[in-house]
Amino acid sequence: MQVSVFFRRSIQMRNRLQTIWDVSVHDAKKHIRSQRMLILGPLVIFLLSATCWGFSDPRIIPAGLTVNSPTDVLFLSSTSVVFICTLSVVLLGFDAISKRRLTGELAIDLSQPMPRSDYAWSRLMGVWLAAMAPTTLGILIGAVLIQSQMGIWPEFGDIAMFIISTGLLLWWYTCLQLLASSMARDIGTSVTLGVGTWLFFVFLWLIPTLIIAQSMGVDVTDTTSVAFDQIQEKTDLFSPNGVYQLLMETRLSSASQPELSTFSIWVSAISWFAIPTWLFCNRIQHLRP
Amino acid sequence: MLELRAATFRYPVRRPRRFRPWATALGPGIRGIDLTLSKGTILGLVGPNGAGKSTLMQVMANILPLEDGTLSVEGATTIEACRAIIGYMPERVTWNGPGSAKQAIERLCIMRGIPKSNGHELLDLVGLGNRALDDLSTFSQGMKQRLSLAAALLGEPKILLLDEPLNGLDPVAQSAFRTLLRQLADQGSSVVISSHTLTDLERLADEFLLMHHGRIVANGPLREIERDLGLRATLEIGGLGQPPKSFGTDIEAKEIPLHDGEEWAYHLHLATGEWTTQRRGELGPEVTFTRLKPVQAGLETVISAATGLDIEDAGFSILSEVDSDA
């Protein structure tokens, strides 16, 4: 009896996952076919591969940067992910909910028998898959260019870590952007919320870090201060970009490894995955068209 | 088939205060709605803008949660099961690209867990078969309405909720639409169809539900509503030359101002009974009529009768609801 209940529930769960996946792929294809992807896609691919190519050429590396291995190149190339790939998520997802609300399609979506939590997951995955497609392609092209420049392939673990960390970062931004899109009553507000969040984490995050360090009596003008680095690492756990950088640093040589334990970095990464996802699912549960 | 008891839902509206700029208060919506939807019935939901028709539809479609009261759908124990039985067509969906009608309907098929071929068949049924691959941005409003109808019909729902479905449809499509709805009702489906004009639904609905300010003010077949509200049968007559000196003691005549020379016209109200052929003949055998037709009570007349408000006053009160409900 219990076995049959277990099998029935397993089949139901499999069907639900299949539906989520199918709707996600459908939405992702729609995003990929959109006009904005015609601009963003090539830009992301070009930038990622160009940074890999540039940082792996010892003749054109900016002064002060040392590159000894493909791992270092991938780490430095992650800056383009922070600047461009996160912005591409914002630009792909700003109207994912708000536009459907304005056109009336959201009311049709919400009247379907698909559970709302499943609907929330499919919306997230649709935008995320679309953003990940050019990013992954850019990373793979970048790996080929690193090999052609340096003569050695990046390790499989490094590429896997780069893709996984980037995937997590883009997922966090997808959650934040879709949350903003579902809260905004018009598309302008949605764009403002999304771009504002992006600006805050990309350009302004240093300010709260400095304020915290200053209030704790650390000299923020001393660029070699170990105490400041420790505070910066801890405050970075509360920023998606910071956690991403810390994840990428775990693959570097021991001298460049973060002070924080890998465990705490992964706990932070999982929290960044779970909390915004839960917030968005909860938002969709109570969403009015 | 579907039953609502004391159903209440009110939208929160912003009421900013000095120290709580995010404060909200409960605004317009529906209040204390009792409704039983029988199998095979076409129910016309009528009311002015802002009466609560769309809100009631969304409550029945399980999109908006009830603040108070109960909603039960025969044969469904979960919200998802309810939604599987119900097909909902919102008012004026402006389907957006990129993507074709085929892709849009296939996505909904996936969400409903039904084969995509069902969606293709419905596109053919609503006359979009030959435009299925065209981008949605090239569709006219009427074609978008057809697509919305196809979306509502997915999965052979037992209950159809259609919000202003005739908007944007050409007369031929409207006629086909009426025939289709009648066929569905004959097969046992229940249909709720909303409009702000009585004449749209007169030929279609079996019963009417008249809404005003979020409440039901009258329900039942239209003739019964008119009779219960004491609305008298009205005939519009007109002719050339001298009008009749009197129309009889049980007829109240109200002249219609005309600016066309010799022509005259009246609205005649019978105190009791209907305008039979005999009564019409008694109006004046010597008069040549240029117009002679029964007049259907307008929505404003019915609302006015149901609420006891004067038509002129009710008109502005109705309009003021639009802004607060938007």
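Which residues in H7(A) meet which residues in H11(A)? I will start there, then go through the rest of chain A, the contact between the chains, and the sheet in chain B. Please keep in mind that this is a predicted model.

On the H7(A) side we have A:Ser165, A:Leu169, A:Trp172 and A:Tyr173. Across from them, H11(A) brings A:Pro240, A:Tyr244, A:Leu247 and A:Met248. Sorted by class, that contact holds seven nonpolar residues, one polar residue and no charged ones.

Now the geometry. Two packed helices are described by the angle between their axes and the distance between the axes. Helix H7 of chain A covers residues 156-183, and helix H11 of chain A covers residues 240-249. Their axes come within 10 Å and cross at roughly 175°. An angle over 145 degrees counts as roughly antiparallel, so that is the label for H7(A) and H11(A).

Stepping back to chain A as a whole. The chain has 12 helices and zero strands, so if you read the elements from the N terminus on, you get α every time. How does the radius of gyration of chain A stand against the globule rule? The radius is 21 Å, and the rule gives 19 Å for 289 residues; the two are close, so chain A is as compact as a globular protein of that length. Along the principal axes, the C-alpha atoms of chain A fill a box of roughly 60 × 50 × 50 Å. Of the 289 residues in chain A, 44% are buried. Taking the contacts in chain A with a separation of 6 or more, 76% are between residues 24 or more positions apart.

One residue in chain A to look at individually is A:Gln147. It sits in helix H6 of chain A, which spans residues 116-150. Is A:Gln147 buried or exposed? Neither label fits: A:Gln147 has 15 C-beta neighbours inside 10 Å, and therefore counts as partly exposed. Leaving aside neighbours within four places in sequence, A:Gln147 is in contact with A:Ile152 and A:Trp153. A:Cys52 is 95 residues away from A:Gln147 along the chain, and the C-alpha atoms of the two are separated by 9.9 Å.

Next, where the chains touch. Chain B puts 22 residues into the contact, and chain A puts in 21 residues. On the chain B side, helix H2 (79-85) and helix H3 (101-112) each supply at least two residues. H3(B) gives the most to that side, with five residues. By class, the side of chain B that touches chain A has 13 nonpolar, four polar and five charged residues.

Last, the sheet in chain B. This is an open sheet of three strands in the order E2-E1-E4, and the pairing is antiparallel. Which are the edge strands? They are strand E2 (24-37) and strand E4 (68-73) of chain B, and each of them pairs on one side only. From one strand to the next, the twist averages 30°.

Strand E1 of chain B, residues 2-14, pairs with E4(B) in the antiparallel sense over five bridges. If you want a residue to find on screen, take B:Arg5, whose bridge partner in E4(B) is B:Thr70. Helix H1 of chain B, residues 53-60, packs on the sheet and touches E1, E2 and E4 of chain B. The direction of H1 makes about 65° with that of E2(B).

That is the tour.

Terms used
Residues numbered from 1 in each chain as written. Chains lettered and ligands numbered in written order. Predicted model: local features only at pLDDT ≥ 70, side-chain atom pairs only at ≥ 80, totals over all residues. Pairing = 2+ DSSP bridges. Helix = DSSP H or I, 4+ residues; strand = E, 2+ residues; numbered from the N terminus. Axes fitted to C-alpha atoms, helices over the stretch in contact; angles between N-to-C directions. Contact = placed C-beta atoms within 7 Å. Nonpolar A, V, L, I, M, F, W, Y, C, P; charged D, E, K, R; others polar. Rg over C-alpha atoms; globule rule 2.2 N^0.38 Å. Buried ≥ 20, exposed ≤ 12 C-beta atoms within 10 Å, placed from the backbone. Parallel < 35°, antiparallel > 145°, perpendicular 65-115°, else oblique.
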